[in-house]
Amino acid sequence: MNTRETLRINGEGHLEIGGCDAVALAERFSTPLYVMDEQYIRAMCRIYRKTLSEEYGGNGLVLYASKAFSCLAVYKIAAQEGIGADVVSGGELYTALKAGFPADKMCLHGNNKLPRELKEALDAGVGLIVVDDYAELDMLDALAAERGMRQDILLRVNPGVEAHTHHFIQTAKTDSKFGFALADGTAEKITCYALGKKNVRLRGYHCHIGSQIFEKQSFALAADKMMAFMADMRDKTGFAADTLNLGGGFGIWYTDEDVRFTPEEYASYLKTLISEVKKKAKAYALKEPFLLIEPGRSIVGEAGVTLYTVGAVKEIPGVKKYVAVDGGMFDNPRYALYQAKYTALLANRAAESADETVTVAGKCCESGDIVCADVKLPAARRGDILAVLSTGAYNYSMASNYNRNAVPPVVLVKEGRAEYIVRPQTYEDIVRNDVLPDDLQ
Ligand code: LLP
């Protein structure tokens, strides 16, 4: 296994994360358990912020895309690191506010924001709202008027960049539920429409070309198209956009098929974007815009490890070996949704050679409940602690109570200390909102 400062194999041959022995964590907190490495999250926030400051004079803001992992503690960490947040629902907004996150450093997204969510965002004083639809713009304008305010907005533009990533997580093709396309002129039309609204102030544009993308050229191309569009709008309408949000999507390491960056190396994605923006600002005689980026996965993904206990081990001769764990698609639905690949190891036997290829299955009542397929492990036995790496993004945030399994708790580790940031659910929590109407009593 490749190791890093806060994720390594210790002298006992156990996996260690944030200075905590994973086997001891499993004993203390039980499994399944999400473990998040605070130092890694902070290092990622810092590197993006530092890069923006050094390469772009700090004329911008890093927004943590909190859909990747949302809970009070992570907003607190992001706020302490001086970055902003991207929120996409009333629930994320509520959690961020509850953590004391400054509303003016938040950006609200969504292709179908509810009237209630727009009201909540206006009342909280959210800095930017990214508009995705005409009716939404009308609604927002009216709600802002009622409150006697003028809300800053961006328009979500679909630059039509095809990024090489999993089909289901591409969001910026022309066929997309998100945004206004450049190609068919709808982005231009909504610009003119937005400029006519009195209670919103159009600041600029947003795009997001997809997720888990490694090709820096795709990001550069999107930046180029957005800058060209800004120049075009200036020439046609006189509107000089001053803000450009280029979204997130930077690819991270899941298996050795992926590049593995150090936090410092992640800066290269942002450097590519910045250099393209600067180049095009010159070429199109535009003022360099206030630049926003929205990395989610790359801030928290590699910070996370999920620990499970091995239960049934079933070998089907000539077919495959299943290693079943006490979690499954209720804590990590990404294999079921995207056939996502992961690296797994036995945390209690991490130094042993991994010479069996197995499929890690969950405990849900369906065949597609796989945590990861074709992973290399030493011969696993009941009671071993299995660790799946790079589970910090889109695992806890997409967890469910399927089969009435409890969503596992999350612990934050740092320098050998571990504390809950999300407590375990009890059976009582699972039935908390169930109600028996009178005739069923
Ligand atoms: N900004 C916008 C507008 C987005 O839609 C997203 C992700 C991000 C930023 C953050 O992208 P990131 O840096 O995390 O790639 N559930 C899927 C990923 C869906 C991504 C949705 N939008 C998965 O598990 O792979």
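A residue is called buried here when its relative accessible area is under 20%, exposed when this area is over 50%, and partly exposed in between, with a 1.4 Å probe and protein chains only as cover. By that standard Tyr34 is buried, because its relative accessibility is 2%. The structure is a predicted model, in which local features need pLDDT of at least 70 and side-chain atom pairs count only at pLDDT 80 or more, while totals for chains, interfaces and linings use all residues. Residues are numbered from 1 along each chain as its sequence is written, and side-chain values use heavy atoms, with hydrogens and water left out.

Tyr34 is a good place to start. This residue belongs to strand S4 (residues 33–37); helices (H or I, at least four residues) and strands (E, at least two) are DSSP runs numbered from the N terminus. Its C-alpha atom is separated by 9.3 Å from that of Val422, although the two positions lie 388 residues apart along the chain. Leading into S4 from helix H1 (22–29) is a loop that holds Pro32, and the peptide bond from Thr31 to Pro32 is cis, with omega near -5°.

We turn next to the sheets, where two strands are taken to pair if DSSP finds at least two bridges between them. Three strands make up an open antiparallel sheet in the order S1-S2-S3. Its edges are strand S1 (7–9) and strand S3 (20–21), each of which pairs on one side only. S1 is joined to strand S2 (residues 15–17) by three bridges, and Ile9 has Leu15 of S2 as its bridge partner. Parallel pairing appears around strand S13 (residues 290–293), which three bridges join to strand S5 (residues 60–65). Here Leu61 is partnered by Leu292. Three further bridges, again parallel, link strand S12 (residues 243–245) to S13, and in this pairing Thr243 meets Phe290.

What, then, surrounds the ligand? With a residue counted as near if one of its heavy atoms lies within 4 Å, 19 residues are around the ligand, and Ser211, Glu294, Arg297, Arg334 and Tyr394 come nearest. The shell divides into six nonpolar, seven polar and six charged residues, where Ala, Val, Leu, Ile, Met, Phe, Trp, Tyr, Cys and Pro count as nonpolar, Asp, Glu, Lys and Arg as charged, and the others, Gly among them, as polar. Domain 1 (7–30 + 303–431) and domain 2 (38–300) both contribute to this shell, so the ligand lies between them; the domain bounds come from an automatic or database assignment.

Several polar contacts (pairs of N or O atoms within 3.5 Å) are present. A ligand oxygen is 2.7 Å from a polar backbone atom of Arg297, and a ligand nitrogen is 3.4 Å from an N or O atom in the side chain of Asp86. At Tyr394, an N or O atom of the side chain is 2.6 Å from an oxygen atom of the ligand. The protein covers 92% of the 590 Å² of accessible area that the ligand has on its own, as computed by the Shrake-Rupley method with a 1.4 Å probe.

Two backbone details complete the picture. Ala285, in the loop between helix H9 (263–283) and S13, has a positive phi of about 50° although it is not a glycine. Ala285 is exposed, because its relative accessible area is 62%. Asp374, in strand S18 (residues 370–377), also has a positive phi, near 55°, and counts as exposed at 59% relative accessibility.

Note on methods: Polar contact = N/O pair within 3.5 Å; in protein donor to acceptor, adjacent residues only side chain to side chain.
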